[in-house]
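Student: Could you take me through one part of this model closely, step by step? I would like to see how one buried spot is put together and then what surrounds it.

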Amino acid sequence: MKPYDIRAWFLVLPALVIVTFVGILPLIAVTNYSFQDLFSLNNPYWVGVDWYRNIVASERFYASLGRSFLFSAIVLSIQLPLGIWIALLLQRSSQFIVSTVLVLITVPLVVPWNMIPVIWLNFFNPNAGVGGKMLAWLGIGLDYKFNALHTWIVLVVMDTWHWLGLVVVLAYAGISSIPPAYYQAAAIDAASRWQVFRFIQLPKMKTVLSMAVLLRFMDSFMIYIEAFRINAGGPDSATAFLSLDLGEEILSFNYGPSAARSIVYFLIVLTVAWTFKAATSAGSTAMAPTEGPSA
């Protein structure tokens, strides 16, 4: 038997060291702080699970949790179909159009997060912004400071502008990987455009779309900078998501409760991600062809 060689693990060692210092050690520290009342780092007071008990018993927590899930559901229901539709259009376009659209639609991905709300606030400025002037010319009022519906619309439009490119790129990559033989077989069978999409393109995009759904959920679920800069959770806490509650605890120097909130939010995201992965794996197993009994 060939001796076991462990030298390959040294190639993984740098990544393990980075993950340890960036992820594992901070997680251990935050978990430790969540069981204490931190008057200062040198003078902690053990409180056990009191902070967790307060969070679970808080109506505000469940309201913020519902708003966070609702926001994620809205942006996913918009960005996923829209991204797939754009990718399908690009598949039937020339290479010049494909390259141009992909470059333009992915530009927002490289814009710093803290600049996104600044850009959109200036865009909707009724005195200087192009969008604000157009809405005023159309007779449409946009009161995102005191109208909760308008605030949600601004956040959804802003998030879609920022992250739609990610869905388009992933969907287009999935479509581009389909061999031409599949389309030739569909043409021979006189399959309609919907049948081609339903039975060829969509299954082939399943892996990349699963990645897009998971990435967009995790990011939208913990939205902070955009919501804080637009209206700081208002009006009347209409956009007070989980991340804004956490930020408020940190800015109030309530390090024990904020550590507990961080762990709770981490567990929520981890649970959703694990459930999604398990459901995806189960679906793939169910759809996999099974071999019949051998003769």
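Tutor: Let's start with His162, which counts as buried because its relative accessibility is 1%, and buried means under 20%. Keep in mind that this is a predicted model. His162 is found in helix 7, a helix that runs over residues 148-176.

What does the side chain of His162 touch? A polar contact of 3.4 Å links it to the side chain of Trp163. Now set aside the neighbours within four places in sequence: His162 is then in contact with Pro108, Leu109, Val111, Trp113, Ile116 and Glu226.

Pick out Ile116 from that list, as it leads us to the next element. Ile116 is one of the buried residues of helix 5 (residues 116-123), together with Pro117 and Trp120. These residues cover an arc of only 90 degrees around the axis, so they sit on the same side of helix 5. And what do the buried residues of helix 5 pack against? Their partners are helix 7 and helix 11, the latter made of residues 225-231. The contact between His162 and Ile116 fits into this picture, with His162 being part of helix 7.

From helix 11, we can follow the chain into the loop that leads to helix 12 (242-251), where Pro235 lies. The peptide bond from Gly234 to Pro235 is cis, and its omega is near -5 degrees. Asp236 is found in this loop between helix 11 and helix 12 too. Its phi is near 55 degrees, a positive value in a residue other than glycine. Is Asp236 buried or exposed? With a relative accessible area of 77%, Asp236 is exposed, because the cut-off for exposed is over 50%.

Another loop is worth a look here. Ala190 is found between helix 8 (180-188) and helix 9 (193-204). Ala190 is not a glycine, yet it has a positive phi of about 55 degrees. Ala190 is exposed as well, its relative accessible area being 63%.

Finally, here is a small check you can try on helix 3, which covers residues 59-91. Its 33 residues, at 1.5 Å a residue, should span 48 Å, and the end C-alpha atoms are 48 Å apart, so the two values agree. At the start of helix 3, look for Ser58: one of its side-chain oxygens reaches to within 3.3 Å of the backbone nitrogen of Arg60.

How values were computed: Residues are numbered from 1 along each chain as its sequence is written. This is a predicted model: local features need pLDDT of at least 70, side-chain atom pairs count only at pLDDT 80 or more; totals for chains, interfaces and linings use all residues. Side-chain values use heavy atoms; hydrogens and water are left out. Helices (H or I, at least four residues) and strands (E, at least two) are DSSP runs, numbered from the N terminus. The expected span of a helix is 1.5 Å times one less than its number of residues. A polar contact is a pair of N or O atoms within 3.5 Å; within protein, one must be able to donate a hydrogen and the other to accept it, and residues adjacent in sequence count only if both atoms are side-chain atoms. Buried means under 20% relative accessible area, exposed over 50%, partly exposed in between (1.4 Å probe, protein chains only). The arc is that of the directions from the helix axis to the C-beta atoms. Contact means heavy atoms within 4.5 Å.
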